[in-house]
Amino acid sequence: MNHNQDPIVALATPQGVSAIAVVRLSGQGVIGIVNQIFRGSDLTQQASHTIHFGVIQKGEAKIDEVLVSIFIAPHSFTKEDAVEISCHGAPFIVTQLIQLLVAQGVRIAEPGEFTKRAFLNGRFDLAQAEAVADLIAADSRLAHQTAFHQMRGGFSLALAGLRKSFRHFAAMLALELDFAEEDVAFLDRADLKKLAHAVIETLNRLIDSFQMGNAIKQGVSVVIVGKPNVGKSTLLNRLLEEERAIVSPIAGTTRDTIEGTLHLGGIRFRFVDTAGLRETTSDGIEAIGIERTKIQLSKAFVALYLVDLSNTSLRQAEEDLIALGLEGFPLLKVGNKMDLIPSADLEPFKGYLWIAAQTGKGIGPLKDELLRQIAQKPTDGVGTIVVNARHFDRLQKSKQALEAVIIGLEQKRSNELLVVDLNSALQPLGEITGEITTEEVLGDIFSKFCIGK
Ligand code: GDP
C-alpha cells in the first residue's frame with residue numbers, strides 16, 4: 001500500500017431521516033480517532049469484526065448512543081483500518097458526528113473513494129469496482145445478476161483468458177526474434193493467424209454481448225410501430241395496465257412518443273408508443289412524430305409491428321411494413337382487434353401473433369414471445385455480458401489492433417512490428433481491469449459513484 005491512507009469519513013446510508021444511519025470511516029488511525037469521541041470500551045484494544053455499544057460525546061455533551069463496528073486492516077472492504085458507526089438516523093446527529101470527526105482530523109470522502117481505495121489496495125480489479133456501482137444501481141433481477149457476476153470476477157476471468165492468449169502469442173514472436181540471425185522460424189504463421197482469429201472471435205462475442213448488457217442495464221427497448229388507429233396506445237395501456245397513453249379513435253392523435261416500463265421475467269422492458277407512422281404526411285406535427293419514431297427505432301432492441309386485422313389484408317400489412325422502412329429490423333409482428341373478425345379470417349396471418357388489445361386477449365402469449373426473443377439473443381458463450389460502455393470501447397480498440405496484427409501476418413511484416421501491434425491490442429484489456437490506468441481515468445470512474453461508497 002503506497003497511496004495516501006489519510007482517514008476519510010462519509011455517511012454510507014441515504015441522506016434524510018431514517019431509523020438508523022451508518023457513518024463510515026477508513027484509513028490510518030481511524031479506530032483511535034473514533035475512540036477519542038466514544039465512551040464505552042477501549043476500541044483500540046478490540047478484535048476485528050466486533051461491535052461495541054457506547055455514547056458519542058462532544059466534550060461533556062452526549063450526541064447519541066451508537067454501535068461501533070471495528071474492522072482491522074487488511075480485513076475490511078478497503079483493506080485499511082475501518083470503522084462503521086451506526087447512530088440514530090437524524091440528520092442533526094449525523095452532521096454533529098461527522099463534524100466531530102472532521103475536527104479530529106478526518107477528511108470527508110470523495111465520491112467512490114472507499115471503492116477506489118479497495119481497488120488501489122488490490123481487493124479487486126477495476127472491472128469489479130465498476131460492477132459495485134452497477135450493483136447498487138441495478139433495478140431488475142437480471143441487471144443485479146449480471147453486476148453480481150461481474151463483481152465476483154466473471155468478466156475479469158474472461159479477460160484473463162484473452163490476455164493469456166495474447167502473451168503466448170507475443171512470447172512466440174519474441175522467441176523467433178531472439179533467433180533471428182540463425183534464420184529459424186519457430187512458428188508457422190498460419191498457426192499464428194488461427195490463434196489471432198480465435199481471439200477475435202472471443203472479443204467479438206464480448207463486444208456483441210454489450211447490446212444485451214446495455215439492454216439489461218437500461219431496460220430492453222421495445223418500440224410499438226404501426227399505422228394510425230391500429231391500437232398502439234391501447235396495447236401500451238394494456239401492457240402497462242394503466243392509463244399512460246391517451247387512447248383515441250381520431251387518426252394521428254398519438255403525436256408524441258409515450259413510454260412505460262414493465263418487468264417481465266426479471267428483465268426491465270421499456271415500451272415506447274410512437275406516433276402513427278404513415279408513408280407520407282402533410283401534417284407538420286405528424287412529420288415530427290415520424291422523425292421521433294425513426295430515432296426510437298434506431299435505439300430499439302425490437303420493434304413491435306402492429307396491424308389492424310379488421311381492415312387490413314396480409315398483403316397490405318406486408319406492403320405497409322416495407323413502406324414504413326421496417327424491413328430488416330428485428331420485428332415482432334402482431335395482429336390486433338382479433339375480436340372483430342371471424343377466426344377463419346385469422347388464418348392468413350400465420351407469422352403474426354393475434355391479440356385484442358382492448359380485451360386483453362393474447363397479451364400473455366405476446367409477453368412470452370418478447371421474453372423468448374430476448375433469450376435468443378447471443379448473450380455470452382463466454383459466460384459474460386459486457387454492460388459498461390468503457391469496457392465496450394476498450395474491447396473494440398483491442399480488436400482493431402488485433403486486426404492489424406492479422407494484416408501484418410498476411411503482409412509478412414517483421415516480428416518487431418507485429419509485437420508493437422500486439423501490445424496495442426493488449427493494452428486496452430489492461431485498461432479494463434485497471435492494470436494500466438491513469439489518475440484521470442480513475443478519477444472519472446470513481447467520481448460517478450455516490451459519496452460513502
Ligand atoms: P393508435 O392510433 O394506433 O394508438 O390506436 P388506438 O390505441 O388509439 O386505438 C384506435 C381505436 O381502436 C380505438 O378506438 C380503440 O378503442 C380501438 N381498439 C384498439 N384495440 C382494439 C381491439 O383489440 N379491439 C377493438 N375492437 N378495438 C380496438
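**Figure 1. The whole chain of this predicted model.** The accessible surface of the protein chain comes to about 21,700 Å². Carbon and sulfur atoms hold 54% of that surface. The chain has 453 residues, and 48% of them count as buried. Its secondary structure comes to 14 helices and 13 strands. Many contacts link distant parts of the sequence: among those between residues at least 6 apart, 65% join residues at least 24 apart.

**Figure 2. Close-up of Phe92 in helix 2.** Helix 2 covers residues 91-103, and Phe92 is found in this stretch. Phe92 counts as exposed because its relative accessibility is 60%, and the cut-off for exposed is over 50%. Val17 is 75 residues away from Phe92 in sequence. In space, the two C-alpha atoms are 9.3 Å apart.

**Figure 3. Close-up of the aromatic pair Phe349 and Tyr352.** A pair of aromatic rings is described by the distance of the centres and the angle of the planes. The count of aromatic pairs in this model comes to five. One of them joins Phe349 and Tyr352, with ring centres 5.3 Å apart. The planes of Phe349 and Tyr352 stand at 90 degrees, and the pair is edge-to-face. Phe349 has 3% relative accessibility, so Phe349 counts as buried. Tyr352, at 7%, also counts as buried, because the cut-off is under 20%.

**Figure 4. Close-up of Arg24 and the ring of Phe114.** The charged end of Arg24 sits over this ring. The distance from that charged end to the centre of the Phe114 ring is 4.6 Å.

Technical notes. Residues numbered from 1 in each chain as written. Predicted model: local features only at pLDDT ≥ 70, side-chain atom pairs only at ≥ 80, totals over all residues. Heavy atoms only, no water. Helix = DSSP H or I, 4+ residues; strand = E, 2+ residues; numbered from the N terminus. Buried < 20%, exposed > 50% of the residue type's maximum accessible area, 1.4 Å probe, protein only. Phe/Tyr/Trp six-rings, centres within 6.5 Å; stacked < 30°, edge-to-face > 60°. Lys NZ or Arg CZ within 6 Å of the ring centre and 35° of its normal. Contact = heavy atoms within 4.5 Å. Areas by Shrake-Rupley, 256 points an atom, 1.4 Å probe, with all protein chains shown as cover.
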